[in-house]
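I am opening a notebook on one protein chain and its ligand. My plan is to look up a few places in turn and to write down what I find at each.

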Amino acid sequence: MSQSVHASFVPLRRTFGLSVLELLRLRSPRQIVIWGAGTLGRCLLRQFKRASPETPVCFVDQSEKLRGCVRDGGVVFGLDDLSQLFSKEPSSYVIVAAGSHYPLVRSELERLGRAEGKDFCNFQKISRPEAIIEIAARSAVEKGATNQYLPVKTFSQIVNNFAREMRDIFAIDLTGWGRPIIHPDIAEIVRISEAVAPTKLSVSINEPIELIRSGFLTGLTQFTVTVEDELTDDNIVLLECLADASRGVPTELRVLFTEFQDNIKSLPLITEQCATLGLRLVRDLGYPSSYDRFLDALESGRDFGNQFNRLPWPVSNALIAARSERERECLCQRIFPVVHSDASVSVCHLYSERRLSARADMDSIEQLFEKRSTADLCRSCQNFGLHRLDIDVLRRRNKI
Ligand code: SF4
């Protein structure tokens, strides 16, 4: 059954949340304390350092291993040091980069006499524009097509434009829909990217082990290995190599298990292996690899059949709940621009097919944002509420 086009549209914004400069102006802190020295905290610290090099920024973190270390120029203090930090600099402002632990951290800060908003806030209040630059297409090796790699020179032009025009760029992801690991100049790409912003990269655990070269891994802020199925012996060897390569370096190495209906039985072994190797395991719910098929099916009114049966959440209920939220703003708008290995630019990282621009290095960031603000795809996506299709977010307000 085809559904009619809804008239309202919530225009996408270039930034939302406070920029770090606005926060510094509003609160005039003598010092910024970032609670959490993981990837999130490190991205925040670099935003502050870039925007206001003269403002002292440090971390607090519960990990005893990190206490006394320096991350991106910020000293890591222990939680026991907080009272002393506050008595030395009473106007310190705390940004909490602790993900879902925020309620616990808030209680602790309130116990220390700090007030939410006035003395501290969650990281979500800060504007965090993030770019995706897919440096190598998934099929590059199989096809032997060298133009499926983004050349270093083009990459350098693109990220340097971003650095100039997006002063508060929070992070760069080199993965997109591709296989960054096969790029022949990956070490150079990582070096250029990290000079601009904290850089992340994901690979499948099924990549050949010889492609996982420690030289680039150690230069990254975050390296993720994705797992969807049972671990093979080769997978375990690869994890062992990665655990060795990441010892003593600041790169956050994560193993990401993506949950579907048919793979949950693999989780206990993966959990055990990660614990043995001292690797951080994170879990995520599976989503469709792209939303194009969702949107096509909804626009045409076709029955989904069984094409989304593997998803670990009830698709029909989730789509109804998402559509009921279609007047709300897009949950993905901070992730932009999305650049492909042929340098073209997508409207959105959730959709693989629609393009806004043929060349990222030909348009200014302003022009790209302008083009996105009138993209038919966004209008259609919002009409069906797909811009709200985040199960964790939907479950806070709906029975799914
Ligand atoms: S396509 Fe949808 S999810 Fe993507 S940016 Fe546009 S409105 Fe947001």
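I began with helix H14 and looked up what lies over its buried residues: the cover includes helix H11 (292-300) and helix H13 (365-373). I take helices (H or I, at least four residues) and strands (E, at least two) as DSSP runs, numbered from the N terminus. I call a residue buried if 20 or more other C-beta atoms lie within 10 Å of its own, exposed if 12 or fewer, and partly exposed in between, with C-beta atoms placed from the backbone.

Before going on, I noted that this is a predicted model, in which local features need pLDDT of at least 70 and side-chain atom pairs count only at pLDDT 80 or more, while totals for chains, interfaces and linings use all residues. Residues are numbered from 1 along each chain as its sequence is written.

Back at H14 (residues 376-383), I listed its buried residues as Leu377, Cys378, Cys381, Gln382 and Asn383. After H14 comes Gly385, and I noted that its phi is positive, near 75°.

Next I turned to the ligand, counting a residue as near if its C-beta atom, placed from the backbone, lies within 6 Å of the molecule. There are 14 residues around the ligand, and Cys330, Cys348, Cys378, Cys381 and His387 come nearest. I sorted this shell into 11 nonpolar, 3 polar and no charged residues, where Ala, Val, Leu, Ile, Met, Phe, Trp, Tyr, Cys and Pro count as nonpolar, Asp, Glu, Lys and Arg as charged, and the others, Gly among them, as polar.

I then looked up Val57, which lies in strand S2 (residues 57-60). Is Val57 buried or exposed? I entered Val57 as buried, because 24 other C-beta atoms lie within 10 Å. Leaving aside neighbours within four places in sequence, Val57 is in contact with Ile32, Ile34, Leu45, Phe48, Lys49 and Gly74, contact meaning that two C-beta atoms, placed from the backbone, lie within 7 Å.

My last entry concerns the domains, whose bounds come from an automatic or database domain assignment: domain 1 (20-125) and domain 2 (130-395). Their C-alpha centres lie 28 Å apart, and 10 residues of domain 1 are in contact with 10 residues of domain 2. On the side of domain 1 that touches domain 2, H2 gives the most, with 7 residues, and I divided the residues of that side into 3 nonpolar, 3 polar and 4 charged.
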